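Q: I'd like to zoom in on one small part of this model and walk outward from there. Could you take it slowly and keep the pieces connected?

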Amino acid sequence: MLIPESQVRIWLYGPPTDMRKSFDGLSALVSTKLDEDPLSGQLFVFINRRKTQVKLLMWTRGGFAI
């Protein structure tokens, strides 16, 4: 289970995202479009075009969690 700490910032990526993307694709969006470090421990939120699906990306001690 993913339980973010109280001081974690939450970033919402506004444009629709292809939900087939995994760690590499989502972390590339974080780096290039949000200009943030995907390894920072912050929580990044992505939505699909119809706004029916959500993906969260966060770096934890064990690696990326989606």
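Which residues does Leu26 touch, not counting residues up to four places away in sequence?

A: Sure. Keep in mind that this is a predicted model. With residues up to four places away in sequence left aside, Leu26 touches Thr17, Lys21, Phe46, Lys55, Leu57 and Ile66.

Let's start with the nonpolar side of that list. Leu26, Phe46 and Leu57 are among the nine residues of the largest nonpolar core, together with Tyr13, Met19, Leu29, Val30, Leu34 and Phe44. Two elements, H1 and strand E2 (43–47), give two or more residues each to this core. H1 supplies the largest share, three residues. As a general backdrop, nonpolar side chains in soluble globular proteins tend to be buried together.

Now for the charged neighbour. Lys55 is in strand E3 (residues 54–60), and its contacts, again skipping residues up to four places away in sequence, are Met19, Arg20, Lys21, Leu26, Phe44, Val45, Phe46 and Ile66. Lys55 is buried, yet it has no salt bridge: the nearest side chain of opposite charge, Asp18, is 7.7 Å away. With a salt-bridge cut-off of 4 Å, that pair doesn't qualify. What the Lys55 side chain does have is backbone oxygens: a polar atom of it lies 2.8 Å from the one of Met19 and 2.7 Å from the one of Lys21.

So where does Asp18 go instead? Its side chain meets that of Arg20 in a salt bridge, at 3.0 Å from N to O. A search of the whole structure finds one salt bridge. Asp18 is partly exposed, because its relative accessible area is 34%, while Arg20 counts as exposed because its relative accessibility is 73%.

Back on the helix, two polar residues are worth a look. Ser27 is in helix H1 and counts as buried because its relative accessibility is 12%. Leaving out residues up to four places away in sequence, Ser27 touches Pro38, Leu57 and Phe64; Leu57 is also on the contact list of Leu26. Thr32 is in H1 too, a helix that covers residues 23–32. Thr32 is exposed, because its relative accessible area is 59%, and its side chain reaches the backbone oxygen of Ala28 at 2.8 Å.

Notes. Residues are numbered from 1 along each chain as its sequence is written. This is a predicted model: local features need pLDDT of at least 70, side-chain atom pairs count only at pLDDT 80 or more; totals for chains, interfaces and linings use all residues. Side-chain values use heavy atoms; hydrogens and water are left out. Helices (H or I, at least four residues) and strands (E, at least two) are DSSP runs, numbered from the N terminus. Buried means under 20% relative accessible area, exposed over 50%, partly exposed in between (1.4 Å probe, protein chains only). A polar contact is a pair of N or O atoms within 3.5 Å; within protein, one must be able to donate a hydrogen and the other to accept it, and residues adjacent in sequence count only if both atoms are side-chain atoms. Contact means heavy atoms within 4.5 Å. Lys and Arg count as positive and Asp and Glu as negative; His and the chain ends are not counted. A nonpolar core is a set of buried Ala, Val, Leu, Ile, Met, Phe, Trp, Tyr and Cys residues joined through side-chain atoms within 4.5 Å.
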